[in-house]
Amino acid sequence: MTITVIKNADIVVAWDAEASRHVYLHGADVAFEDGTLRFVGARYEGQADETVDGRGRMVMPGLVNIHSHPSSEPLNKGFLDELGSPALYNSSLYEFMPILRPDAEAVPACVQVAYSELLLSGVTTVADLSVAHPGWLDLAADSGLRVCLSPMFRSARWYTKNGYIVEYEWDEKAGAEAMATALNVIEKAQKHPSGRLFGMVCPAQIDTCSEGLIKESHAEAGRRGLRWQIHAAQSTVEFHEITRRHGVSPIQWLEKLGVLGATSIIGHAIFLDDYPRVAWHSRRDLDLLAETGTTVAHCPTVFMRRGIALDDFGRYRRAGIRIGLGTDTYPHNMLEEMRHAGYVARLMAESPRTLTTTDLFEAATTAGAAALGRDDIGRLEVGCKADLVMVDLAHPMMQPRRDPVRSLVYAAAERAVDRVYVDGKLVVRDGTVLTMDYPAAAQRLHEAQKRTEAAAPQYDWAKRPVTDYSPLTFPVK
């Protein structure tokens, strides 16, 4: 097998197993063979079939994204940037997202755009929460990413007839059938010859899944040794719907169902029982998440657009809650998501000390890996997967670079990402994706969005043209 060595890197973000933390190494080497790290440290002196000059570069572990929607979200750019239903607490989930949807032809373009953006921002592993679609496994494998396929399924769909009441159309049999389809997709992913695909069980949303589907899907995940994720505590509408149905908060309802725990991930978990907007009477949710070891998938950007924010990342961490990061929306830029997570937390806490860049980097690497049940990604340590990123320290936006990870997160972002390796294979070089034609996919997506805009009025309760609720920045003359 070929041994690749990155020699004389200015900085390597290496894993210190004894201290259980990332550390900076100066003037270090990284060697990998057959997709596995063989050496991380000073002066590698073994065999080298390929040598990469690391001078002027920082080598860091690939980022781990635990919550994203590649098959749909890229198409929403230009639609949802400023859009939320005023009578539904400014969420866009219920009135607009169901009608601004990609057609079947658009889905592959969406996926390739999202996967490309992820790679360019240093992501090497992503949890793809999509509805199962044809060609998904091949798209995932061909991308070069390490992909946790998480096919979503549910017992009901939500809709509104008037823009202020959310209703649910239930079909529990269809939900059970969709779960069976999802499990079949996961089985195929686990057996895929690429060796980079794995799976997670994902009932879509707490308010669209029956009690039986939530409990059975969690039990099935346990039987199969898989992680489990559900959207919960993600909107004011959902919080009120669950308290109306069950008399407890969404987090407490999941506790009653017995599905919180170390193998469970809650997508968003913003609207806890102590969140000021909900004015609920109990104060248990924060402690429940910590006591059960449940992970929160934190995705700040999509909520920032609606004037909503987690209260706050640092408070959750101090309570002992495990937190990983995801992109959830466009752009699928993990480095920007890290920046937003830091800024929003400090804004909500009214303090610059509520969290550190160390916290953010851990959330995007080792904490995300643990959430997906992996101890072989998210760190540069001998024996781990050769999933790594090379950052151009000479890039002007990395200057000054007293603390290069801070310069990357708070300034340069994807602009300084030079090379990305996944499983030891080069998938990004000189800031260009090698495995997919990103520009062509983006152009196909542009054409697909025109079709979506033309079709949207037929699905809208008020039959409005899209420009009625999502006008252009300037009028067309």
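## A tour from D312 outwards

Select D312 and T354 to start: their side chains are joined by a polar contact of 2.7 Å. Keep in mind as you click around that this is a predicted model.

**Stop 1: around D312.** Stay on D312 and turn on the backbone atoms. The D312 side chain also reaches the backbone nitrogen of G314, at 2.8 Å. Now switch to the cartoon view. D312 sits in the loop between α8 (300-304) and α9 (313-318).

Next, bring up what surrounds this residue. Setting aside neighbours within four places in sequence, D312 is in contact with R318, A345, M348, A349 and T354. You'll recognise T354 from the polar contact you began with.

What is the nearest side chain of opposite charge to D312? Select R318, which is 4.3 Å away. A salt bridge here requires the nitrogen and the carboxyl oxygen to be within 4 Å, and D312 has no salt bridge although it is buried.

**Stop 2: R317 and D359.** Select R317, in helix α9, together with D359. Their side chains do meet in a salt bridge, at 2.8 Å from N to O. This pair links distant parts of the chain: D359 belongs to helix α11 (residues 357-363), and the two partners are 42 residues apart.

Buried or exposed: where does D359 fall? It counts as buried, at 15% relative accessibility. R317, at 29%, counts as partly exposed.

**Stop 3: a charged network.** Now select E187, E216, E220, R223 and R224 in one go; salt bridges that share partners join them into one network. Zoom in on R223 and E216 within that group. Their side chains meet in a salt bridge with an N to O distance of 2.5 Å. Add a surface and check both ends: R223 is exposed, with a relative accessible area of 53%, whereas E216 is partly exposed at 36%.

**Stop 4: D53 and R55.** Jump to D53 and R55 for another salt bridge, where the closest N and O atoms are 2.8 Å apart. With the surface still on, R55 shows up as exposed, with a relative accessible area of 57%. Its partner D53 counts as partly exposed, at 41% relative accessibility.

**Stop 5: E241.** Select E241 in helix α5 (residues 236-246). E241 counts as buried, with a relative accessibility of 11%. What does E241 touch, not counting residues up to four places away in sequence? Show Y168 and D207: those are its contacts.

**Last stop: zoom out.** Clear the selection and look at the whole chain. There are 15 helices and 20 strands to colour. The radius of gyration is 22 Å, close to the 23 Å that the globule rule gives for 477 residues, so the chain is as compact as a globular protein of that length. Along its principal axes, the C-alpha trace spans about 70 × 55 × 45 Å.

Colour by burial next, and 60% of the 477 residues count as buried. If you pull up a contact map, take the contacts between residues at least 6 apart in sequence: 74% of them join residues at least 24 apart. The accessible surface comes to about 19200 Å², and carbon and sulfur atoms account for 50% of that.

How many salt bridges does a search of the whole structure find? It turns up 29, including the R317 and D359 pair from the second stop.

Methods
Residues numbered from 1 in each chain as written. Predicted model: local features only at pLDDT ≥ 70, side-chain atom pairs only at ≥ 80, totals over all residues. Heavy atoms only, no water. Helix = DSSP H or I, 4+ residues; strand = E, 2+ residues; numbered from the N terminus. Buried < 20%, exposed > 50% of the residue type's maximum accessible area, 1.4 Å probe, protein only. Lys, Arg positive; Asp, Glu negative; His and termini not counted. Polar contact = N/O pair within 3.5 Å; in protein donor to acceptor, adjacent residues only side chain to side chain. Contact = heavy atoms within 4.5 Å. Rg over C-alpha atoms; globule rule 2.2 N^0.38 Å. Areas by Shrake-Rupley, 256 points an atom, 1.4 Å probe, with all protein chains shown as cover.
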